[in-house]
Amino acid sequence: MILAYKGIKIKYNTSGKGAAVVFLHGFLENSTMWDATITHFSDTYQCIVIDLLGHGDTQCLGYIHTVEDMAHAVKAVLDHLEVEHSTFIGHSMGGYVALAYVDLFPDLISGLALLNTTSFPDSEERKINRTRAINIVKKNPDAYTSMAIANLFAKKSRSAFVEEIEHIKNQASKTSLQGIISALEGMKIRRDRSTILSQFQKPKIIFAGKLDPVLNYDQSVLEAKQTETRLVSFDGGHMSHIENKEALITVLQEFLKQI
């Protein structure tokens with residue numbers, strides 16, 4: 001389904017009935033990343049998936065897509081669907097957007113699941129790496145996306161999920177050059193929302209991969225402790241919805257029952 005928003009088109013889909021659960025994808029992904037996940041929830045919940053700005057079939061809004069921009073776009077979809085309260089499940093960049101949504105609309109979120117993501121801002125080193133990535137992608141976007149996707153998996157997982165990695169690469173290749181740059185610029189300037197996560201008193205959970213090549217696991221342990229958020233650890237990388245699919249779904253099902 002398509003929603004007209006500020007002169008662009010936003011792609012979203014909804015399935016099932018019940019309490020609303022919003023699934024937000026990560027950088028270089030799109031809403032199809034959740035296809036195998038929502039089949040386990042659509043019998044009980046209204047599952048809403050959205051292509052974030054510049055990703056999938058959602059168009060770009062500007063040169064920089066801040067996580068606040070993305071959160072407002074998500075709000076527009078939920079308003080269109082007449083959904084007021086919902087639980088958010090955000091993977092990586094989608095987690096940044098979910099946290100921005102909590103910050104902007106704190107009374108509208110019933111629960112928060114952060115998957116391979118963080119409420120902490122980019123370190124200075126990370127900001128430099130994002131700027132370097134922007135320069136690389138301008139020269140060769142296909143090579144950049146191919147390398148970036150493979151590096152999301154734990155080394156031990158890469159041979160086990162060859163088909164899945166190729167599928168994600170194909171999906172990532174559909175992301176426009178501007179969509180990639182806009183997201184990188186936006187993630188680079190996102191602010192620290194660890195206090196927001198600490199103050200969020202409804203059900204909340206962090207899923208982290210002990211072998212995550214992108215997000216330091218020790219940081220996730222520290223973050224969970226500082227923000228008093230439940231931490232669930234997996235023996236995998238940044239793609240827990242693939243590398244640890246069954247365990248993730250089991251815990252998510254238990255988590256959603258609390259809400």
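**Salt bridges, a buried glutamate and surface features**

In this predicted model, K188 and E185 are joined by a salt bridge in which the closest N and O atoms are 3.3 Å apart. Both residues belong to helix α7, where they stand three residues apart, about one turn of the helix. K188 is buried, and E185 is buried as well. Elsewhere, salt bridges that share partners connect E68, D103, R191 and R193 into one network.

The structure as a whole contains 11 salt bridges. One of them pairs D103 with R191, and here the closest N and O atoms lie 2.2 Å from each other. Because D103 is part of helix α3 (residues 93-104) while R191 sits in the loop between α7 (177-188) and α8 (194-199), this pair ties together parts of the chain that are 88 residues apart in sequence. D103 is partly exposed, its relative accessible area being 22%, and R191 is also partly exposed, with a value of 41%. For D103, the assignment follows from the cut-offs, since a residue counts as buried under 20% relative accessible area and as exposed over 50%, with partly exposed in between.

A further salt bridge is formed by the side chains of R130 and D122, with a distance of 2.5 Å from N to O. R130 is buried, with a relative accessible area of 4%, and D122 is likewise buried, with a relative accessible area of 7%.

The charged residue E243, which is located in helix α10 (residues 240-243), presents another arrangement. E243 is buried yet takes part in no salt bridge, and the nearest side chain of opposite charge, that of K156, is 7.5 Å away. A salt bridge requires a side-chain nitrogen of Lys or Arg within 4 Å of a carboxyl oxygen of Asp or Glu, so the distance of 7.5 Å between E243 and K156 does not meet this limit. What, then, does the side chain of E243 reach at 3.5 Å? The partner at this distance is the backbone nitrogen of H238, and a polar atom of the E243 side chain also lies 2.9 Å from the backbone nitrogen of G237. When residues up to four places away in sequence are left out, E243 touches L152, F153, A154, S157, F161, G236, G237 and H238.

On the surface, Y63, I64 and I189 make a nonpolar patch of about 280 Å². Within this patch, I64 is placed in the loop between β4 (46-50) and α2 (67-80), and at 35% relative accessibility I64 counts as partly exposed.

The backbone also has features that deserve attention. Most residues other than glycine have a negative phi. Against this background, K6 shows a phi near 50°, a positive value in a residue that is not glycine. K6 is found in the loop between β1 (2-5) and β2 (8-15), and K6 is exposed, with a relative accessible area of 62%. E82, although not a glycine, has a positive phi of about 60°. The position of E82 is in the loop between α2 and β5 (86-91), and at 74% relative accessibility E82 counts as exposed.

Methods: Residues are numbered from 1 along each chain as its sequence is written. This is a predicted model: local features need pLDDT of at least 70, side-chain atom pairs count only at pLDDT 80 or more; totals for chains, interfaces and linings use all residues. Side-chain values use heavy atoms; hydrogens and water are left out. Patches are made of residues with over 30% relative accessible area and no salt bridge: like charges are joined within 9 Å, nonpolar side chains (Val, Leu, Ile, Met, Phe, Trp, Tyr) within 5 Å. Accessible areas come from the Shrake-Rupley method with a 1.4 Å probe; for residues, only the protein chains shown count as cover. Helices (H or I, at least four residues) and strands (E, at least two) are DSSP runs, numbered from the N terminus. Buried means under 20% relative accessible area, exposed over 50%, partly exposed in between (1.4 Å probe, protein chains only). Lys and Arg count as positive and Asp and Glu as negative; His and the chain ends are not counted. A polar contact is a pair of N or O atoms within 3.5 Å; within protein, one must be able to donate a hydrogen and the other to accept it, and residues adjacent in sequence count only if both atoms are side-chain atoms. Contact means heavy atoms within 4.5 Å.
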